[in-house]
Amino acid sequence: MSAFTSFFSKSNSKRVLSFDGGGVRAIAGLVFLHKLEVESGKKIADMFDMFVGVSAGALNALCLGVNQMSAKEIKDYWSKDYIEEITSSNYFWDKASIIQARPKYENTGRIEVLKKIFYDKSMGESKKPVITLAYDVENRSYVAHSSFGTPGISVISACCASSAAPVYFPTYQAEDGGWYIDGGVVSNNPSLLAYTQAKNFFKSDDIKVLSIGTGLNTRKINGKQSSSWGGLGWLRHDVMGIMLETGLENDLTRDLLGKSYLRINSPIGKINRRLDDSSGTNLEKIHLMGMSWWDEYGGEALKFLDT
């Protein structure tokens, strides 16, 4: 039996698991967490006291907080078939056009998948505190939907609001009347939000945050060429990825929390920077990135949770 199995008795720290946004690359974090479950002999849902996520990470956080699923069970909903259902669209002529006039995908497919996972559950039915981050376009403000702050919001709405990535999905109207887009536009690494929310909820300063990234696009952008780009040029050269950069949040959270913060992330390497590439080749590369994270951070994560 691993010594890790006794870690709950060693510390009064409240442990928070935070998920970045990043489309299909969110699978890598689940690969890492599955290894953590195997090595520790415990479910992720039992190891942590609160779950926080944005965009694709919101789905992972909700599966853990609301349904207490294992990492492997969640990963099954990120299979190629489910991703293709989520990214279904009838916008044939928009797909064929060089210039995308409407969102790339509709909401119908992903809502059907979410119904299979959460049925008609509300945020207030979550087994543990869970938070998702979205952006209210009419009020021009971030909104944190949570099991304790907005318990009447449906889990499906919270997930769709947080992951309504501009260009990819339509702006989403939740039950509270707000029109939302992807919370990653204000913070794609919600670790600081996770810390402040946990501090207030648990009435404690003893908070530990394990932050799961989705890979870093480190491809160089030619500065001279970029000086002549208009809107289309920037869209072709990953302006969305630049806007979702997580370095600032990471540095600030590390400086604030010190050893109470652990970040799991790496460059994406040859993984497609586009958030919706569900090809078998790309999904395999994402899986391998998650495995490499375990090789690099696995021992540190076990120690982090055992102190």
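These are my notes on one pocket and a few paired strands in a predicted model.

Ground rules. I number residues from 1 along each chain as its sequence is written, and since this is a predicted model I take local features only at pLDDT of at least 70 and side-chain atom pairs only at pLDDT 80 or more, while totals for chains, interfaces and linings use all residues. Side-chain values use heavy atoms, with hydrogens and water left out.

Entry 1, pocket. I looked up the second largest pocket (on a 1 Å grid over the protein atoms alone, an open set of points where a 1.4 Å probe fits, with protein on both sides within 12 Å along at least five of seven lines). I noted a volume of about 160 Å³, meaning the space filled by probe spheres set on the points, which are joined across faces, edges and corners.

Entry 2, lining. I listed the lining residues (an atom within 4 Å of a point): K208, G258, K259, Y261, L262, E300, K303, F304 and T307. Strand 8 (261-264) and helix 14 (280-305) are the elements that give two or more residues; helices (H or I, at least four residues) and strands (E, at least two) are DSSP runs numbered from the N terminus. Helix 14 has the largest share, three residues. I sorted the lining into three nonpolar, two polar and four charged residues, with Gly counted as polar.

Entry 3, strands. I found strand 6 (residues 179-182) antiparallel to strand 3 (residues 130-136), joined by three bridges; pairing needs at least two DSSP bridges. Y135 has I181 of strand 6 as its bridge partner. Strand 5 (residues 172-173) also pairs with strand 6, antiparallel, over two bridges, and Q173 stands opposite W179.

Entry 4, hairpin. Five residues lie between strand 5 and strand 6, and G177 takes a positive phi near 90 degrees in this hairpin.
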